[in-house]
Amino acid sequence: MANEPKAIIIDGKPITAQNGIQDWEQSYIAKPAPMSNEQGLELFQEKIRIEKEEFKQVRQYYYRPWDGAHATKLALLTMFNHEGFQRPQQQGIFSPPTPATNIVIQTGPNQSSTVPWGEIYIPEIKATLYTGAGRHEKHGIIYEVSLISQKRFEPQALELLELIQKMLQENSIYRGRTITAKDEPEFIDTDKAVNPDLLVFRRETERTLKAELFLRVRHPEVVRAAGLSITNNCLLSADFGTGKSSIIAWLCQVANQHDCTVIQATASEIVSGKQLVNMYGEDRRPSVLIVEDVEIAASSSDRQRVSDLLEQFDGMQSKGRPTMVIMTTNYPEKIDPGFLRAGRIHTFMELGDFDLDSFTRLVKMKVEHEDITRPWFGDPSNKTHPALDYNAIYEACAGYSPAYMNQVIDKARILALSNRVDWLEDNIPGWQVEDAIEFTVSTEDLVDAALAMRAQWTQQKQNSEDQRNEVTFEKSFRTLVSDVVDNSLEHAELSCNR
């Protein structure tokens with residue numbers, strides 16, 4: 001075969017271009033004594049031939065194409081101190097060469113960067129890099145690279161491809177941002193979307209927000225250390241104008257401030273949302289998927305679609321990829337009751353009208369221009385509490401099933417943990433995780449947790465009753481139609497027999 005390495009036998013031992021030519025520090029060329037100069041020249045020529053053979057490598061990166069282009073630019077700058085050179089392409093014999101291709105991509109809200117795209121030449125390793133996009137069955141549109149070089153530069157070429165992967169992992173343009181769930185994600189500017197200092201909600205709403213959502217994105221290590229889960233499926237149920245959008249914008253701000261990626265999707269874009277979570281989710285911080293108008297996909301009228309939706313959530317919340325799913329709806333009565341059960345929905349928040357306390361705080365802020373004050377809960381140290389008032393707790397949990405009772409306890413624990421962290425941040429500089437998990441659950445924690453679960457329990461019960469009524473009506477109607485048809489057939493049969 002022409003490509004097989006040639007061997008020169010010296011003292012019965014084969015010497016090839018691969019194993020017989022090595023670099024060393026001495027300032028002269030050495031060869032084995034029995035080898036002739038002609039044989040040495042032949043060996044060097046073979047070495048040169050092999051080194052000039054084509055080396056080709058194709059890589060797929062499970063990231064969006066513009067993210068890959070940006071990472072490639074960073075990798076080239078790191079290794080070669082330039083972005084590569086794009087050779088002009090000749091379109092025809094008499095046509096002038098077209099200029100090199102550079103594209104402008106968004107790298108953040110109101111931020112952009114110029115990156116090379118297409119055919120990129122790297123003179124240091126005599127390599128041509130072809131960048132493009134492909135479609136993956138599970139991940140959707142992904143970044144693809146083909147690299148052609150010479151074998152002598154294979155180590156440097158592989159190093160470049162590995163560096164692109166590292167740059168994607170460490171410097172992704174989407175990680176820690178709020179983006180849309182599209183094939184080409186768009187950035188959402190959350191910095192000025194809402195001013196949290198001007199938001200007022202009912203006491204139980206504010207406390208649930210702080211503990212169930214914000215604590216998980218601000219201090220996931222504390223939640224883990226306390227034996228609680230970072231993942232959380234939350235359903236925000238509200239009429240128009242009750243603050244649902246403000247809560248979403250506030251959560252996006254807090255999540256991005258703590259390097260959590262937020263993906264906003266509609267019910268029809270949930271699959272894309274899952275793909276992005278799998279791409280940009282991390283094992284240390286929760287990713288946040290926001291699904292608006294979830295009743296479109298979770299309606300009782302389409303059980304298969306509900307099942308598919310739940311499978312999507314399970315896929316996103318796989319081991320090592322903690323994900324918080326925040327869903328919104330204006331029509332909770334349309335949602336399948338099985339979707340609402342405790343354990344499937346961990347947090348159900350019904351945003352309603354102001355109570356006296358929240359209304360008073362709003363008036364003071366708007367009319368008297370006082371700084372808003374959040375309600376304080378329990379003993380500031382969160383360590384010592386009086387004996388639990390079981391009657392009050394039981395009354396707050398009236399009618400709950402064991403599954404709801406269990407979730408009340410978990411909810412009370414994270415309420416207490418949130419309060420403990422607040423106190424430590426205000427009073428103990430340099431506090432540690434061990435300090436945070438020294439907390440005690442109080443009667444107030446358990447009662448507030450039970451009250452926060454009431455809306456979910458009521459909605460599930462109502463939806464279950466409505467569904468039973470629909471099934472009963474449908475069954476009765478079918479029975480009636482069947483009886484009418486049977487009677488008609490019976491009379492027809494009797495008529496024929498006469």
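Two strands pair if DSSP finds at least two bridges between them. The exercises below apply this and related criteria to a predicted model.

**Exercise 1. Overall make-up**

Task: State how many helices and strands the protein chain has, and what share of its residues is buried.

Solution. Step 1: the protein chain holds 14 helices and 14 strands. Step 2: of its 498 residues, 45% are buried. Step 3: turn to the surface, where the chain exposes about 26,700 Å², with carbon and sulfur atoms supplying 51% of that area. Step 4: for contacts between residues at least 6 apart in sequence, 76% join residues at least 24 apart.

**Exercise 2. Strands β10, β13 and β14**

Task: Determine how β10 and β14 run relative to each other and how many bridges join them, then place Met-327 with respect to Leu-236.

Solution. Step 1: strand β10 (residues 232-238) and β14 run parallel and are joined by five bridges. Step 2: within this pairing, Leu-236 stands opposite Met-349 of β14. Step 3: β14 covers residues 347-351, and four of its five residues are buried, so the strand is largely enclosed by the rest of the structure. Step 4: Met-327 belongs to strand β13 (residues 323-329). Its relative accessibility is 0%, and the cut-off for buried is under 20%, so Met-327 counts as buried. Step 5: the C-alpha atoms of Met-327 and Leu-236 are 6.0 Å apart, while the two residues are 91 apart in sequence. Step 6: beyond its neighbours within four places in sequence, Met-327 contacts residues including Asn-233, Cys-234, Leu-235 and Leu-236, as well as Phe-313 and Phe-339.

**Exercise 3. The surroundings of Arg-216**

Task: Decide whether Arg-216 is buried or exposed, and find which backbone oxygens its side chain reaches.

Solution. Step 1: Arg-216 is part of helix α5 (residues 203-218). Step 2: its relative accessibility is 7%, so Arg-216 counts as buried. Step 3: a polar atom of the Arg-216 side chain lies 2.9 Å from the backbone oxygen of Ser-229. Step 4: the side chain of Arg-216 also reaches the backbone oxygen of Ile-230, at 3.3 Å. Both distances, 2.9 Å and 3.3 Å, satisfy the limit of 3.5 Å for a polar contact. Step 5: leaving out residues up to four places away in sequence, Arg-216 touches several others, among them Thr-231, Asn-232, Pro-286, Met-324 and Ile-414.

**Exercise 4. Strand β8 and its partners**

Task: Describe the pairing of β8 with β3 and with β7.

Solution. Step 1: strand β3 (residues 54-61) pairs with β8 over eight bridges, in the antiparallel sense. Here Phe-55 has Ser-149 of β8 as its bridge partner. Step 2: β7 and β8 also pair in the antiparallel sense, over nine bridges. In this case Arg-135 stands opposite Ile-141 of β8. Step 3: the connection from β7 to β8 is a hairpin of three residues.

**Exercise 5. Aromatic rings and charges**

Task: Classify the ring pair Trp-117 and Tyr-143, and locate both residues.

Solution. Step 1: the whole structure contains nine aromatic pairs. Step 2: in the pair Trp-117 and Tyr-143 the ring centres are 6.2 Å apart and the planes stand at 35°, so the pair is tilted. Step 3: Trp-117 lies in the loop between β5 (111-116) and β6 (119-122), and Tyr-143 in strand β8 (residues 140-150), so the pair ties together parts 26 residues apart in sequence. Step 4: Trp-117 and Tyr-143 are both buried. Step 5: together with Tyr-61 and Trp-66, they form one aromatic cluster. Step 6: look next for charges over rings. The charged end of Lys-334 sits over the ring of Tyr-331, 4.5 Å from its centre. That of Arg-454 sits over the ring of Trp-457, 5.0 Å from its centre.

**Exercise 6. Positive phi outside glycine**

Task: Compare the location and exposure of Asn-110 with those of Lys-126.

Solution. Step 1: most residues other than glycine have a negative phi. Step 2: Asn-110 has a positive phi of about 60°, and Lys-126 has a positive phi near 45°. Step 3: Asn-110 is found in the loop between β4 (102-108) and β5, whereas Lys-126 is in the loop between β6 and β7 (127-136). Step 4: with a relative accessible area of 73%, Asn-110 is exposed. Lys-126, at 40%, is partly exposed.

Conventions
Residues numbered from 1 in each chain as written. Predicted model: local features only at pLDDT ≥ 70, side-chain atom pairs only at ≥ 80, totals over all residues. Heavy atoms only, no water. Helix = DSSP H or I, 4+ residues; strand = E, 2+ residues; numbered from the N terminus. Buried < 20%, exposed > 50% of the residue type's maximum accessible area, 1.4 Å probe, protein only. Polar contact = N/O pair within 3.5 Å; in protein donor to acceptor, adjacent residues only side chain to side chain. Contact = heavy atoms within 4.5 Å. Phe/Tyr/Trp six-rings, centres within 6.5 Å; stacked < 30°, edge-to-face > 60°. Lys NZ or Arg CZ within 6 Å of the ring centre and 35° of its normal. Areas by Shrake-Rupley, 256 points an atom, 1.4 Å probe, with all protein chains shown as cover.
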